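Colleague: I have the coordinates open and some questions ready. Can you walk me through the model?

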Amino acid sequence: MKNRIDIKKLVIWLISAAFIIGAVIVAIIFRNGSGRAYQKYNDGVNYIDPDTIQLSDSSVTVSFSEVILSKPEETRKLVVYEQSGEVSYTITDKLWGIDWDQTTKTLTVKYTGKGSFVVELDQIAQGDIIDDQENKILTIKIPHPQLDAIDINPDEVEIGNQTSGFFTIGDIKLTVEDYIDIESELRRRLVEKFDTVVNGQQADDLALDAVYDVYYPVVQAVDGDYELKIEFK
């Protein structure tokens, strides 16, 4: 009876030992296998801690022209110089077409408009961006500023008092066609007032600094060692 009990204990002990040894072998194989798989695969990312990922050095370079001309389809106007000015226009109505003060009615209209000189940044092409990599100088060639379109606000047109000759009767009645002619003439006179050599030179001087201020942060963001120069085409 005692021999049977000893044999039973021996069998149980052998089975337990086999399970323990087997578990140890599996754990060793799993650890070694996972270690080999990690060593074979490298995704270029170094894990520092659960919240931080450090990328390895990249050879990707950014072109100045790609950044500056990123949206060529957009119309981009940079206002570099503004000036206000008043123009006037006199409407004349002659009785029976007689050129005499006493048979003439006049009405003067005034308008204060604003002229804006702008640089068309969307006209900068890839050939206008010159990258001197040896001397670390980026040169951008821009068009000269031009007088932008002048809009006339009819609500701001000032109509003065009418002057009437002795033989005239009633007031000058303005038609829709008259208002169209008035707007066209006021715009023409504003363009004539603003589009002068002096204003053009002033706009040129301001344009170089204004465009520099726009693109300097862009150049520094791409390469902080670069110097920026702005020139006219």
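Colleague: Start with the open sheet of three strands. What is its order?

Modeller: Bear in mind that this is a predicted model. The open sheet has three strands and mixed pairing. From one strand to the next, the twist averages 20 degrees. The order is β5-β6-β10.

Colleague: Which strands stand at the edges of that sheet?

Modeller: Look for strands with a single partner, because one side of each is then left without a neighbour in the sheet. That applies to residues 129-132 and to residues 227-232. The edge strands are β5 and β10.

Colleague: How many bridges join β5 to β6, and which residue stands opposite Asp132?

Modeller: β6 covers residues 137-142 and runs antiparallel to β5. Four bridges join the two strands. In β6, the residue opposite Asp132 is Ile137.

Colleague: Which residue in the loop between β5 and β6 has a positive phi although it is not a glycine?

Modeller: Most residues other than glycine have a negative phi. In the loop between β5 and β6 sits a lysine with a phi of about 60 degrees. Its relative accessible area is 31%, so it is partly exposed. The residue is Lys136.

Colleague: Which helix lies across β6 and β10, and at what angle to β10?

Modeller: The helix spans residues 197-222. It lies across both strands. The helix is α4, at about 145 degrees to β10.

Colleague: Which element gives the largest share of the largest nonpolar core?

Modeller: This core has 36 residues. Val80, Ile124, Leu138, Ile140, Val211 and Tyr215 touch the most other members. At least two residues come from each of α2, β3, β4, β6, α3, α4 and β10. The largest share, six residues, comes from α4.

Colleague: Take Val211 from that core. Which residues does Val211 touch, leaving out those up to four places away in sequence?

Modeller: Val211 is among the core residues that touch the most other members. With the sequence neighbours left out, the contacts of Val211 are Leu78, Val119, Leu121, Ile142 and Ile230.

Colleague: Is Ser65 in helix α2 buried or exposed?

Modeller: Helix α2 covers residues 64-68. Beyond four places in sequence, Ser65 touches Gln126 and Ile129. The relative accessibility of Ser65 is 14%, and the cut-off for buried is under 20%. Ser65 is therefore buried.

Colleague: How are the rings of Tyr212 and Tyr216 arranged: stacked or edge-to-face?

Modeller: The structure holds three aromatic pairs. In the pair of Tyr212 and Tyr216, the ring centres are 5.4 Å apart and the planes meet at 20 degrees. Planes under 30 degrees apart count as stacked. So this pair is stacked.

Colleague: What separates Tyr212 and Tyr216 along helix α4?

Modeller: Both tyrosines are partly exposed, Tyr212 at 30% relative accessible area and Tyr216 at 33%. They are four residues apart in the helix, so the separation is about one helical turn.

Colleague: How many residues of β4 are buried?

Modeller: β4 runs over residues 104-120. β3 pairs with it in the antiparallel sense over 17 bridges, and Tyr89 has Val109 as its bridge partner. The strand is mostly covered, and the buried count is 12 of 17 residues.

Colleague: Which residues stand opposite Thr106 in β9, Lys110 in β8 and Val118 in β7?

Modeller: Two antiparallel bridges link β4 to β9. β8 also pairs with β4 in the antiparallel sense over two bridges. For β7 there are again two bridges, antiparallel. The partners are Thr163 for Thr106, Glu158 for Lys110 and Gln146 for Val118.

Colleague: How many helices and strands are there in the protein?

Modeller: From the N terminus the elements run α-β-β-α-β-β-β-β-β-β-β-α-α-β. Of the 233 residues, 25% count as buried. The count is four helices and 10 strands.

Colleague: Where is the pLDDT under 50 with 11 contacts beyond four places in sequence?

Modeller: The protein averages a pLDDT of 77, and 71% of the residues score at least 70. Residues 1-5 are below 50, with zero contacts beyond near neighbours in sequence. Where pLDDT is low, the predicted coordinates should not be read in detail. The stretch with 11 contacts is residues 33-60.

Definitions and conventions
Residues are numbered from 1 along each chain as its sequence is written. This is a predicted model: local features need pLDDT of at least 70, side-chain atom pairs count only at pLDDT 80 or more; totals for chains, interfaces and linings use all residues. Side-chain values use heavy atoms; hydrogens and water are left out. Rings of Phe, Tyr and Trp (its six-membered ring) pair if their centres lie within 6.5 Å; planes under 30 degrees apart count as stacked, over 60 as edge-to-face and the rest as tilted. Buried means under 20% relative accessible area, exposed over 50%, partly exposed in between (1.4 Å probe, protein chains only). pLDDT is the predictor's confidence in each residue, from 0 to 100. Contact means heavy atoms within 4.5 Å. Two strands pair if DSSP finds at least two bridges between them. Axes are lines fitted to C-alpha atoms, for helices over the stretch in contact, and angles run from 0 to 180 degrees between N-to-C directions. A nonpolar core is a set of buried Ala, Val, Leu, Ile, Met, Phe, Trp, Tyr and Cys residues joined through side-chain atoms within 4.5 Å.
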